[in-house]
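User: I am new to this structure and should like to learn how to read its main features. May we go through them in turn?

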Amino acid sequence: MPANSIFESFLAGQGYALFEYLGDGEFRLIGGWPPWCANIWDSQPSGDQRIGLADKSPFLENFLVDAEEFWRASSPGAVNSGNWIERGADGREIPLEASARSLDGKRILLIHNLSETFGQQQQWFQTARNSLLEHEKLLKEIQKKEILLHCIVHDLTQPLSAMNGVFHLLGGENLPDALRKYVKAGERESQRQELMIRGILEAFSSDLATQQAREAGTHEAPDLLACAEQAIEEFSPAFRERHIRLVLGPHAAGPRGWRVVGDASRIDRIFGNLLENAMRYAPKETSVTIGLQDQDGFVFAYVDDEGPGLPPDQRPDQLFALFSKGKSHAGKAGLGLYFCKITVERWGGAIGAETRERGGSRFWFRLPRATQTAESKAAAAARGKSVDKERPHKNKKAEKSLRILVAEDTELNRDLIIELLNKRGHVAEGVADGRQALVALEKQDFDVVLLDEEMPGITGRQTTAAIRRREAGTGKHQIIIGISGHATQDDEHRFREAGMDASLAKPVEVKTLYKAVEAAAQNLHPGAAGPQHEADHNVAAASSAAPPGTSANSTADSLANSPADCEEVVTHLRRTTGGNEKLIRSLASTFLADAPKALARIRSAVAKKDAAELAGAAHLLKGSLAIFGAPSAVAAARNLEILGRADSLREASAGLRVLESEFALLQHELRRINSERQPKVKSRSKPTSTRKRKRAR
Amino acid sequence: MLQKKVCMLGSFSVGKSSLVRRFVASMFDEQYHTTIGVKVDKKVVNANGEDFTLVLWDIYGEDAFQKMRMSYLRGMHGYLLVVDGTRRQTLEDGLALHDRVVAEFEKVPAVLVLNKFDLTDQWEIEQAQETQLTAAGWTIEHTSAKTGAAVEKAFLHLAQLMLAK
């Protein structure tokens, strides 16, 4: 057999078919006709028979343009077609690749059957693309959970604002000692709950790391000694109650001081978490010591107790893991030490725990010393107003009375903030939304405006934009403080971008409220060139409440199956009002009058596909529904709020139907409650009766 | 018979192969099989009372691993720009691909296919965005290769646009 024939047979055996191009899309077979060629293009051509490959395969016809160009240019090497798939007569798919070459002046086309390697190649691509899809899904899940988390935290902080405010106001009253003790306990516990909520938010907030990295080195460096002293001051009463001494250990007053990288409020919380931990394990009549040491470029802080030491079967680093509760489960959610770890590590520090040689345990953390710039900035701040350490006393009146406008849609929160500000000696008045705030500002001047972020119609940020637009070119600068229920630093950043001067997180702490309002007002110089924020987006038009399209009657059938929710409504109302019939009736009447308007807003928002409006309206209705403890209705409203926030309105119509159904059930029940209770209430509802009962209690 | 070359363009896993399979063979496979290379299918259609063959070039989806060869589009009469409606990014990637096509080839009819319309609960393309695209001249079809909804309509719509040209 001639060498050429051996070579051609070899090629055919390896899955190659060799052709010479004759022009006009026609070829002559060189060598063998592999079985796959027969499967695709029929029987072997005889002798010098021309094969119109271009007619047989649109892909090859297309490739021939590139191949002809290649042959014309007499380029060295080859030009490849890339992979394509032909279907054989038996239905099998055959992966192929063609290459054009020049050999001995002949135009050669080599077609290779890739079946042997194609499967492997496809598997690689399949795996890689599946991974990409999984990655995309994961990102979406994370995003959804973040939105949900923010909604939950927002819901949790709303009632807490009210609780904190109520306790604070009660604390200012002339109460008997025994009662004052309970009020203080209530205030302390609501503040602890607030810390836990913030802990959850911060521990899971994905944007925190970036934000804090941005912050490092650019803001006031906190003084670790001042934080330790503050912690001792705050925790001493609790330790005393447990007969444990809380002391500051010896520390050399080094010339460099104790300024570190970090944030004072978070360091306060780290000390707080470590002290709470020590308090749980320290025996009575022992000491817990906070100490500081200088360590090359770092400040080392520790909390020593005289308890049993660390559990012998647990590695110290496990104590700082997420949801780690220790063996005795004496802790709470297992977030406290985890929060400490992620916070300290983000600042370039470290945290740890060990059993001390002399007994007891030591929880410590180490933070880098602040840079020179940050220190001098802090020193300058200390020479100035000393804002960081200024902690207004609860009952102390402000030096200057300010006129303050409070725009907040939740009536109870609004009234509390106003009450707290008035107690402080300011003159505060409230409005229920951004539009009313703009009207109020047209009528009179206010030193400070407090704007809730989420309000019906126009949001706090949109209201700010409108105010800044009005100010443009006038030289005026209205002090605006935003109030957010989410409390992340990202929110603060967004508020500042929107033109606000400061921000407050819900639940609004009394001290923080006074500090923010008064510090902002101190910077107020009428006519001075404050930052001119040109509004860059239009204020959204507040949609008018459309008349209710679906009445309760439309779901009359479902009312017959009145679910457990209705029972729960009655029980819930009795529990929350202490069986106060008048209050129950009043709550029901208010809901029956106002809530349909909120539902109409939701309908309108769904019809107009206005996601922001939907989120705001659903948020508002959710708050009203929660008063009646109607979990299904609250869940339906929350679902719509989440859809609105996520700007995902595909399911909004379905969600609205659920809400309408739940709403109708509640409406029906409240009408029933109202009609059933009417006569009894009338006989008891003399103006003074409620007050008398309250006093008697 | 008159032949028209139609290319299926779009990101990976948007459902290009599934649309062709549904249109040509009335079949659908739940499992995702990535396409490597090009697969050419044919189907005879009747549009405006005229029978002609659509030569469907199912071209692999572009991603970080495979860039599309523009030479595959040579001589095409129209294309379906396929987008996965549950992945907003595929719309942006698809439109970027369209820009490259327009820059290199003579303008040909195209239909924007928002596929996987059966997954409405995961839909990420907003109505406002669709309105903008329509205003920009796009013909949009909402298809589901899974249920077959609007698949034939999308191809026939393109066929009519190609015949009208």
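Analyst: Certainly. The model is a predicted one. Among contacts in chain A between residues at least 6 apart in sequence, 66% join residues at least 24 apart.

User: How many helices and strands does chain A have?

Analyst: Chain A contains 23 helices and 15 strands. Of its 697 residues, 36% count as buried.

User: How do strands β9 and β10 of chain A run, and how many bridges join them?

Analyst: Strands count as paired if at least two bridges are found between them. Strand β9 (residues 350-355) and strand β10 (residues 361-368) of chain A run antiparallel, joined by six bridges. A:T355 stands opposite A:S361 in β10(A). The hairpin has five residues between its strands, and A:G359 there takes a positive phi near 100°.

User: Which residue other than glycine has a positive phi near 55°, and where is its place?

Analyst: A:D24 has such a phi, near 55°. Its place is the loop between β1 (16-23) and β2 (26-30) of chain A.

User: Why does A:D24 count as exposed?

Analyst: A residue is exposed if 12 or fewer other C-beta atoms lie within 10 Å of its own. A:D24 counts as exposed because it has 9 C-beta neighbours inside 10 Å.

User: What is the phi of A:K609, and why does this residue count as partly exposed?

Analyst: A:K609 is not a glycine, yet its phi is positive, about 55°. It lies in the loop between α19 (581-608) and α20 (611-627) of chain A. Partly exposed is the class between exposed, at 12 or fewer neighbours, and buried, at 20 or more. Because A:K609 has 16 C-beta neighbours inside 10 Å, it counts as partly exposed.

How values were computed. Residues are numbered from 1 along each chain as its sequence is written. Chains are lettered from A and ligands numbered from 1 in the order in which they are written. This is a predicted model: local features need pLDDT of at least 70, side-chain atom pairs count only at pLDDT 80 or more; totals for chains, interfaces and linings use all residues. Helices (H or I, at least four residues) and strands (E, at least two) are DSSP runs, numbered from the N terminus. Two residues are in contact if their C-beta atoms, placed from the backbone, lie within 7 Å.
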